[in-house]
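The exercises below concern strand pairing, sheet order, aromatic ring pairs and enclosed space. Each task is followed by a solution that proceeds step by step.

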Amino acid sequence: MNVVRRLSCNCLKNFSRKTSTIFYKEYKLQPLCFTREISSRKNSNFASSVATNPTTYSDNDFNKDEVITEDVLSKINTQIKENSHGRLFAVIQLMEKRFKITAEDIIAVGSYFPAQVGDKIRLEKVLVIGSADFTLLGRPVLHKDLVRVEATVIEKTYIVPRPLYRHGRLRYRRLHWFRTPYTLFRINSIEFKHSLDDLPEAEGIQGRVIY
């Protein structure tokens with residue numbers, strides 16, 4: 001009986017050792033397989049080149065970047081001065097919502113707006129403006145003297161009434177109807193007032209109405 005017990009204990013020890021080594025190897029191989037899958041999806045040549053040959057910028061590289069930026073800005077300024085940029089688009093923020101607009105578009109704002117029907121307004125929160133050749137991004141808003149976006153209030157209405165059920169304790173049930181006000185705007189024009197080099201140095205909020 002003792003011999004059988006010793007054999008069974010030795011077999012269990014050998015089995016536990018083998019299983020532990022197998023599990024340990026599988027655990028080690030899992031991250032390697034994961035990295036291979038990622039490297040196959042990405043550009044492995046670019047990753048290896050970055051890892052082996054890290055790029056360091058020198059003065060020549062900065063000079064080249066400055067030359068490129070000056071060239072791009074000069075081309076944008078010539079298009080703005082000659083008015084050869086074509087149709088413009090813009091991204092504006094109005095009543096905490098963003099709209100991508102162009103000339104003669106109609107946008108609807110689902111909230112109350114103080115202007116009356118027929119009033120012309122200027123939208124000053126311009127986040128992005130661009131054309132087919134270039135795009136200018138604001139950080140977060142473009143300069144108010146660079147871009148001018150004008151719109152007209154064409155209609156002020158309400159949406160279809162919607163039911164609102166209210167339930168409470170002690171058999172409290174009420175049915176309320178509510179209507180959300182809507183204001184429709186027509187975008188009249190999107191244009192540049194100045195080029196990128198002719199902007200004033202100081203800016204303020206005098207005479208501005210911000211919604």
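**Exercise 1.** Determine how many bridges join strand S7 to strand S10, and in which sense the two strands run.

*Solution.* Strand S7 (residues 147–158) and strand S10 (residues 181–192) run antiparallel and are joined by 11 bridges; strands here are DSSP runs (E, at least two residues) numbered from the N terminus, and two of them pair if DSSP finds at least two bridges between them. Within this ladder, glutamate 150 has serine 189 of S10 as its bridge partner. The model is a predicted one, in which local features need pLDDT of at least 70 and side-chain atom pairs count only at pLDDT 80 or more, whereas totals for chains, interfaces and linings use all residues. Residues are numbered from 1 along each chain as its sequence is written, and side-chain values use heavy atoms, with hydrogens and water left out.

**Exercise 2.** Place S7 and S10 in their sheet, and state which strands stand at its edges.

*Solution.* The sheet is open, has four strands in the order S3-S10-S7-S4, and is paired in the antiparallel sense. Strand S3 (106–109) and strand S4 (120–123) each have a single partner strand, so one side of each is left without a neighbour in the sheet. From one strand to the next, the twist averages 40°, where the axes are lines fitted to C-alpha atoms and angles run from 0 to 180 degrees between N-to-C directions.

**Exercise 3.** Give the strand order of the open sheet that contains S1, and identify its edge strands.

*Solution.* This open sheet of four strands follows the order S2-S1-S5-S6, again with antiparallel pairing. Its edges are strand S2 (97–102) and strand S6 (135–137), each of which pairs on one side only. Neighbouring strands of this sheet are turned by 20° against each other on average, direction ignored. Strand S1 (residues 89–94) is joined to S2 by six bridges, and phenylalanine 89 has threonine 102 in S2 as its bridge partner.

**Exercise 4.** Describe the hairpin of S8 and S9, including the residue that takes a positive phi.

*Solution.* Strand S8 (residues 162–167) pairs with strand S9 (residues 173–178) over six bridges in the antiparallel sense, and arginine 162 stands opposite phenylalanine 178 in S9. Five residues lie between the strands of this hairpin, where leucine 170 takes a positive phi near 55°.

**Exercise 5.** Classify the aromatic pairs by their geometry, and decide whether their members are buried or exposed.

*Solution.* Rings of Phe, Tyr and Trp (its six-membered ring) pair if their centres lie within 6.5 Å, with planes under 30 degrees apart counted as stacked, over 60 as edge-to-face and the rest as tilted; by this rule there are two aromatic pairs. The ring centres of phenylalanine 113 and phenylalanine 185 are 5.0 Å apart and their planes stand at 85°, so this pair is edge-to-face. Phenylalanine 113 belongs to the loop between S3 and S4 and phenylalanine 185 to strand S10, so that the pair links parts of the chain 72 residues apart. Both phenylalanine 113 and phenylalanine 185 are buried, that is, under 20% relative accessible area with a 1.4 Å probe and protein chains only, whereas exposed means over 50% and partly exposed lies in between.

For phenylalanine 134 and phenylalanine 192, the centres are 6.2 Å apart and the planes at 40°, so the pair is tilted. Phenylalanine 134 lies in the loop between strand S5 (126–130) and S6, and phenylalanine 192 in strand S10, 58 residues apart; both phenylalanine 134 and phenylalanine 192 are buried.
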